[in-house]
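User: I have a structure open here and would like to go through some of its side-chain interactions with you. Can we take them one at a time?

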Amino acid sequence: MTTPAMPPVVDQATWRTALDDLRAREKAATRELDAIAAQRRRLPMVEMPPYTLVGRDGPVPLVDVFDGRRQLIVYNHMWTDGADWQCGGCTGFTSQFTRLEFLAAYDARFVIVTNGPIDEALAYKAKVGNQMEWYSSSESSFGADVGAAPGTGFAVNVFLRDGDTVYRTWHTDGRGTEQLSHSFALIDLLPWGRQEEWQDSPRGWPKAPTYSKWLDSPGIAAAYGTG
């Protein structure tokens, strides 16, 4: 095996200067993220039809998925009916969210909605040890209408409830979902980063095919699931 390259070794003062240069960019990025969040809070919204999803106890109007709260975040989980293992990226991503009680103080909730049948969805939830609440949109057009049609990709959508009326306020997909993840944030702190082929890294840094280091669905199940 080839030993990967390492950062150059310098004295403390040189290291501090380089860190301070980076810190200036990090602070600028933080201020830009604050400005983006402020713009997000000023987005208009669109009224949603009265969808009915399916939960563990049967049909559930979308307005009731809020469970009495005013704000709702939905992760639209990719799904293939009858598959032993669902999307590894979705499975790994949502496995991070095991303590969501803090959202209650913000009058909010975070749930998973998938296009798969609810019985399959709940069985898969147990299989991989997922801690979130799952709903199915298999009997409505909800998934397709919020950018996550059956057989396509994943998405994150945010909703606001005013009485019995639900509004859609925000949407993202692809790498836009990374802002919800702590795993990439931790990995990006490492000297070698994600080690994926697309990354801009110095010569000699370890590299591997994109996604190859991600913990896939069987790995998530082995770590957290019912066995």
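User: What does the side chain of Glu196 make a polar contact with?

Analyst: The side chain of Glu196 makes a polar contact with the side chain of Trp214, at 2.9 Å; a polar contact is a pair of N or O atoms within 3.5 Å, where within protein one must be able to donate a hydrogen and the other to accept it, and residues adjacent in sequence count only if both atoms are side-chain atoms. This is a predicted model, in which local features need pLDDT of at least 70 and side-chain atom pairs count only at pLDDT 80 or more, while totals for chains, interfaces and linings use all residues. Residues are numbered from 1 along each chain as its sequence is written, and side-chain values use heavy atoms, with hydrogens and water left out.

User: Is Glu196 buried or exposed?

Analyst: Glu196 is buried, where buried means under 20% relative accessible area, exposed over 50% and partly exposed in between, with a 1.4 Å probe and protein chains only. Glu196 nevertheless has no salt bridge, that is, no side-chain nitrogen of Lys or Arg within 4 Å of a carboxyl oxygen of Asp or Glu. The nearest side chain of opposite charge is Arg194, 5.6 Å away; Lys and Arg count as positive and Asp and Glu as negative, with His and the chain ends not counted.

User: Which salt bridges does Arg194 have, then?

Analyst: The side chain of Arg194 meets that of Glu178 in a salt bridge at 3.0 Å, N to O, and it also meets the side chain of Asp188 in one at 2.8 Å. Arg194 lies in the loop between α6 and α7 and Glu178 in the loop between β8 (165-172) and α6, so the first pair ties together parts that are 16 residues apart in sequence; helices (H or I, at least four residues) and strands (E, at least two) are DSSP runs, numbered from the N terminus.

User: Which residues are linked in that network of salt bridges?

Analyst: Arg175, Glu178, Asp188 and Arg194 are linked in it, with Arg175 and Glu178 meeting at 2.8 Å, N to O. Arg194 is buried at 9% relative accessible area and Glu178 is buried at 18%, whereas Asp188 is partly exposed at 38% and Arg175 is exposed at 53%.

User: Switching topic, how many residues has the largest nonpolar core?

Analyst: The largest nonpolar core has 22 residues, a core being a set of buried Ala, Val, Leu, Ile, Met, Phe, Trp, Tyr and Cys residues joined through side-chain atoms within 4.5 Å. Its largest share, five residues, comes from α4.
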